[in-house]
Amino acid sequence: MLIYLLCSLDRSNIGNAKVLNDTTGNDLLQSISLSTQDYTTALMVFLVAYFIFETPSNYMLKAFRPSRWIALLMFSWGAMTMCLGAATNFGSLTAVRFLLGMFEAGLFPGLVYFLTFWYKPNERAIRVALILACATLAGAFGGAIAYGVGKMNGTGGLEGWRWLFILEGIPSCLLSLLVLALFPDYPETVRWLNAEERELATRRLQGLASVGHSKISWEEAKKTLKEWRLYVHYIIYICISVPFSSISLFTPTIVSGLGYTGLDAQLFTVPPYAVAFVVTVTISWLSDKYEKRSIATSVCLLIAGIAFIVEGVLAPTAFKARYGILCVAVSFAFASIPPLLSWLTANLQTTGAATLGVPMNVSMGAIGQIIGVYIYKASEAPGYPTGHFTNAAFALLGSFLALVLRTVYVRWNRKLGPNEREWRV
């Protein structure tokens, strides 16, 4: 959770940097003479790196052990975040953002994959939620941190946004050393369990989890690539990724459009994310407890879609109502992701399938994230109708597809023999 919290801070702080100290002319865009299009391109390049490197990174995690690979990624993205504080023009900002995306790409699919070695399918959604919910905490902390760092504007001759990147990159570099030393790899090799406990940990997962010593074959990979049902999972994740991306990157901008400016715009990004943390964890716990992952995904996306429609049709000057609806939209958009990922991993029945299926799912999400970068247009402030209606359309499509896929799995289960493994819904 702490690792992903720091990752999310370092990924999304560019949204805070965009409007930090804008009233004094010292925000990111004004300081290095960026146009809105330049800023959007820098965001998009980061996501291209995500798309390219997510799947290879999972194979590297398996080859080099989770503790070593995650520590390397963590130190590298922390260093890149600090380097963003030295950006002087569009070229340097974009190049460093690409490298940041390259190093951050492997973390989230790697952590979801990592959980498949340690937990049964009905134990994963709540844990994915606790990890993912740290992105909402990062949004809350990020706004609060930016509010404080904004007061350092001009200290040491540096703008506040430069201090923001430098100070938020340092913890990732330092914690990577602890990850290298303490992060456990697999239940069958972990050092802080004795032999009997390791045996218990592996025995309880027999046939239900990925195995650390398992080798990945080309036959497994081909079979995984040919399963059409997985591509429906991927499309649903693309639908989720559009609002996830746009919310993560543009919440400070959206809040600015709700009538809050300067440092207040940073502070008022905190409540939507704080509410989202509670909602995400609660929904995921319920989906695990009652084995209703598909229903949880569909209902959350339906509520988020309706909230975005309301956000889009409300008058641009209805600030209080739009702020309240934004809290609902953010909360349920985030809450739909852990049940969906848990649902996917529960239906990946071999280590090889999990190794390939999880990062493919997340990397496909980069398509949605790239769309999310472009939908909140500066020319449409403060209402941003294109952004809200696009998010609504993708959320409602994802809700529908989740129900369709659930129906398919239910029908397949009816045709299974007595000893065949059921598809999870």
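How do the residues of the lining of the largest cavity divide into nonpolar, polar and charged? In this predicted model, the split is nine nonpolar, two polar and three charged residues. This cavity is a good place to begin a tour of the internal spaces. A search of the whole structure finds four cavities of 30 Å³ or more, and the largest encloses about 110 Å³ of space. Its lining is made up of 14 residues, with Tyr4, Tyr50, Phe108, Phe244 and Gln369 lying nearest the centre. Several helices contribute to this lining: helix 1 (2-19), helix 3 (36-64), helix 6 (107-118), helix 11 (228-256) and helix 17 (351-374) each supply at least two residues.

Attention turns next to the pockets. The largest pocket has a volume of about 370 Å³. It is lined by 17 residues, and Met1, Ile3, Phe114, Ile131 and Phe183 are the closest to its centre. Two or more lining residues come from each of helix 1, helix 6, helix 7 (124-149) and helix 8 (160-182). By class, the lining of the largest pocket holds 16 nonpolar residues and one charged residue, with no polar ones. Helix 1 and helix 6 thus appear among the contributors to the largest pocket and also among those to the largest cavity.

The second largest pocket has a volume of about 220 Å³. Among its 14 lining residues, Ser67, Phe183, Pro184, Asp185 and Arg191 are the closest to the centre. Helix 4 and helix 8 are the elements that give two or more residues to this lining, and helix 8 provides the largest share, with three residues. The lining of the second largest pocket comprises eight nonpolar, two polar and four charged residues. Phe183 is worth a second look, as it is listed among the residues closest to the centre of the largest pocket and again among those closest to the centre of the second largest pocket.

Two loop residues deserve a mention for their backbone geometry. Arginine 65, in the loop between helix 3 and helix 4 (66-84), has a phi near 80 degrees, a positive value in a residue other than glycine. Tyrosine 384 sits in the loop between helix 17 and helix 18 (385-414), and its phi is also positive, at about 50 degrees, although this residue is not a glycine. As for their surroundings, arginine 65 counts as partly exposed because its relative accessibility is 35%, whereas tyrosine 384 is buried, with a relative accessible area of 5%.

Notes: Residues numbered from 1 in each chain as written. Predicted model: local features only at pLDDT ≥ 70, side-chain atom pairs only at ≥ 80, totals over all residues. Heavy atoms only, no water. 1 Å grid on protein atoms, 1.4 Å probe; cavity = no way out; pocket = protein on both sides within 12 Å on 5 of 7 lines; lining within 4 Å. Points joined across faces, edges and corners; volume = space filled by probe spheres on them. Helix = DSSP H or I, 4+ residues; strand = E, 2+ residues; numbered from the N terminus. Nonpolar A, V, L, I, M, F, W, Y, C, P; charged D, E, K, R; others polar. Buried < 20%, exposed > 50% of the residue type's maximum accessible area, 1.4 Å probe, protein only.
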